[in-house]
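Dear colleague,

I am passing on the structure below, and after it you will find an account of what came out of going through it. Please read the notes with the model open beside them.

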Amino acid sequence: MAELLFWPALIAYGEAALAYLGEARRPGLPGRLATWGVRLGWLVQTALLGVQAAEAEGFPWSTWAGSLNLFVWLVVGAYLIWGCRARFRLLGLAVLPPAVVLFAIAWVGGGTGVGVPSRYGSAFLVFHVGLVLAAFAGFTLSAALSALFLWQERRLKRRETSILRLRAPSLATLDELSARTIAVALPALTLGIAVGLLRLRSTGSPVDAVIVVTLVTWVVYAAFLVGRFRFGVRGRRSALYVLAGFTLVLVVRLGLPLTHFS
Amino acid sequence: MTLVLVGISHHRTPIEVRETVALDRDGAGTLAARLAGDGAEAICLSTCNRTELYLVGRSEADAEAALLEISSLPESELVPALYRLRDEAATLHLFRVAAGLDSLVPGEGEILGQVRAAHEAGAPGPFLDRLFRHALRAGRKVRAQTAIGESPASVSSAAAALAEQVFGELRGRRILLIGAGKVGELAARNLLSRGAEISFVANRGANRGAELARRFGAEPLPLDGVVDRLLTADVVVSSTSAPGFVLRREDVEHVVRARRGRSLLLIDLAVPRDLDPAIHELEGCFLYDVDDLEAVVGETLAGRRREAGRAEAIVASDAERFREWQASLDVVPAIASLRARAEEIRAAELRKAEGRLGRLTEAERSAVEAVTAQIVNKLLHLPTVRLKQAAAAADGVVYAEAVRHLFGLGEEER
């Protein structure tokens, strides 16, 4: 059943990714088709996750591929909060194509089926994996918003004549939303790390490289928020900083299969 | 029922001719009321680009005479400039006008309000009322379903739209206006209409600058006080007649550091330019001069023209629906006569039958009335529908005549 739901979700996301490309060329109908594709795909993926949760023994996303599946769902869900607004449709160009690729990788890795029982306890996994993945989804969205900021800024700097025909969200809006997303995601990461560290302490497991990079990631994003809300740093430098921070998120995401998943 | 349109517009007539027949709202209303006597209908649409008379129950000659009366031009000059349209062509024309497709700038939104005002001030009867309501609906539909009206069509509105691309919501954004000329004021007013506030007005002549600042509720500044205010301003609009740069890169450079990445949009509407082009290279600074803005407007106008194709399809479809309704008017008298004749026969036959059936109770009489009325309605339903369909297909008059002949309608009056 879970496998049957994967394909409609992937097709809907794929359709949305293509429609976003069309929207970038000729705004209008493609944008609306893309939004419906995202909505439909996300609903089907939600059903897929529901089936996985119902059929699995314990936490169903404890494998790297399973966590990737959950991660895609969180990213697309977070995107849907703003993505349905016409001005933010172009953000879909930064979110949906990677989401399709990651979702397909999750399927190849067996993350869309019913997972094998995990060596970790379910409560720990729900809190630790859930919170960390939610935070990473937020950072991913924030990076997409920052990338869109830099693209829009470049268009303004180049004085592109299409700037008013092919409208993106304003620089100020992108800047603000990116910071707010991080302000929401960082507490989730803090709690996720705290749960992980408590477990680490109780089991006496060693601190590995991924944990260290995760902690560095926390420091980087915390410094971002301090710079933002204490010193008022914003604009291009802020966007570049967010993208630099996101490379750490990528390192952690790529490192997780090697150190944390069976 | 024939619709007549006689008008003059920017397409083939210069302003010197148009202005002789231009009317304000009251004047247009008065003219329409005068033409609408004796059961006729009239609406006068008069804007800076056109004056058009829509008439039902009057001829083109009546419209021409009315326009000649208000114009100071001789007949030989005015009449050749007028265009005349009838029925379908006139309907389509009005629908295109309401959609902004006949405007100087395709898709401009002001015309919709002007058509509405003409409708309200005019003297419409059932036909023109319906025509204008449908035209207004088509205009709204075009604006809702296409992007024809979304892009700015002037340099000043492009500047305001650019500010929205940088800052989003302009409410509370602070504008620094350099120069107290008309061009800068127009751009500032455009920003003001979108929620921004004019915070500072800098001008070489203190009196004129102070006067403009007072009108906007802004702080007046001397030109050398501009740099100090750059830290708090979000948009700078400059349009002085100064021979050199009013703001140089060095002036803005140290302010940019203090702004910590906050964007600064600079609009240079002056020729020669007021703002050093090198300012654009600074982080967070976006400088657009007249050429840049005109290039943006050119692109958006091209976009409007592309959207115009979709808009034309919407307008044509709505105009066609109106034409079908108008055509159905040809068969309405025939349908009404047919139904009246059937009702007459039904009532007469009932009266005859009453004697044979003896005395009926009230309930029985009602039942018989209902059954016979239902039979008549069912019999006439299909011919009525077919007649209307035939009217829509332009055969209405032939069918109406056939019905009159077959059922002997109107023969008793001959």
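Which residue in β3(B) does I8(B) stand opposite? The partner of I8(B) is T51(B), and before placing that pair in its surroundings I should say that what you have is a predicted model, so please read everything below with that in mind.

Confidence

The model scores ipTM 0.76 and pTM 0.67. Chain B has a mean pLDDT of 88, with 98% of its residues reaching 70 or more, while for chain A the mean pLDDT is 84 and 90% of the residues reach 70 or more. Among the elements of chain A, the lowest mean pLDDT, 82, belongs to helix α3 (residues 64–83) of chain A, and the highest, 92, to helix α7 (residues 209–231) of chain A.

The four-stranded sheet of chain B

The pair I began with belongs to strands β1 (residues 3–9) and β3 (residues 50–56) of chain B, which are joined in the antiparallel sense over seven bridges. These strands are part of an open sheet of four strands in chain B, whose order is β2-β3-β1-β4 and whose pairing is antiparallel. At its edges stand β2 (41–46) and β4 (83–86) of chain B, each of which pairs on one side only, and from one strand to the next the twist averages 15 degrees.

Two helices lie across this sheet. Helix α3 (residues 60–70) of chain B lies across β1, β3 and β4 of chain B and runs at about 35 degrees to β1(B), whereas helix α7 (residues 126–145) of chain B lies across β1, β2 and β3 of chain B, running at about 35 degrees to β2(B).

α7(B) also packs with α13(B), at an angle of about 155 degrees and with the axes 10 Å apart; the two helices are therefore roughly antiparallel to each other, and α7(B) passes α13(B) in a right-handed crossing. On the α7(B) side the contact is made by L131(B), H134(B), A138(B), K141(B), V142(B) and Q145(B), which meet A311(B), I314(B), V315(B), D318(B) and F322(B) in α13(B). By class, the residues of this contact divide into seven nonpolar, two polar and two charged.

The six-stranded sheet of chain B

Chain B also holds an open sheet of six strands, in the order β7-β6-β5-β8-β9-β10 and with parallel pairing. β7 (219–221) and β10 of chain B stand at the edges with a single partner strand each, so one side of each is left without a neighbour in the sheet. Neighbouring strands here are turned against each other by 20 degrees on average, direction ignored. At the β10 edge, five bridges join strand β9 (residues 264–268) of chain B to β10(B), the two running parallel, and D268(B) stands opposite D289(B) in β10(B).

This sheet, too, has helices across it. α8(B) lies across β8 (235–238), β9 and β10 of chain B and runs at about 165 degrees to β9(B), while α9(B) lies across β5 (174–178), β6 (197–202), β8 and β9 of chain B, at about 155 degrees to β8(B).

How do α8(B) and α9(B) pack, and at what angle? α8(B) and helix α9 (residues 182–193) of chain B pack at about 45 degrees, with their axes 8 Å apart, which makes α8(B) oblique to α9(B); their crossing is right-handed. In this contact S156(B), S157(B), A159(B), A160(B) and A163(B) of α8(B) meet L186(B), A187(B), N190(B) and L191(B) of α9(B), a set with six nonpolar, three polar and no charged residues.

The contact between the chains

Several of these elements return where chain B touches chain A, since 25 residues of chain B are in contact with 22 residues of chain A. The elements that give two or more residues to the chain B side are α8 (155–167), β10 (285–289) and α13 (290–328) of chain B, and α13(B) gives the most, with seven residues. The residues on that side of chain B divide into ten nonpolar, nine polar and six charged.

With best wishes

Key
Residues are numbered from 1 along each chain as its sequence is written. Chains are lettered from A and ligands numbered from 1 in the order in which they are written. This is a predicted model: local features need pLDDT of at least 70, side-chain atom pairs count only at pLDDT 80 or more; totals for chains, interfaces and linings use all residues. Two residues are in contact if their C-beta atoms, placed from the backbone, lie within 7 Å. Ala, Val, Leu, Ile, Met, Phe, Trp, Tyr, Cys and Pro count as nonpolar, Asp, Glu, Lys and Arg as charged, and the others, Gly among them, as polar. Two strands pair if DSSP finds at least two bridges between them. Axes are lines fitted to C-alpha atoms, for helices over the stretch in contact, and angles run from 0 to 180 degrees between N-to-C directions. Angles under 35 degrees count as roughly parallel, over 145 as roughly antiparallel, 65 to 115 as roughly perpendicular and the rest as oblique. A crossing is left-handed if the near helix is turned anticlockwise from the far one by less than a right angle, and right-handed if clockwise. pLDDT is the predictor's confidence in each residue, from 0 to 100.
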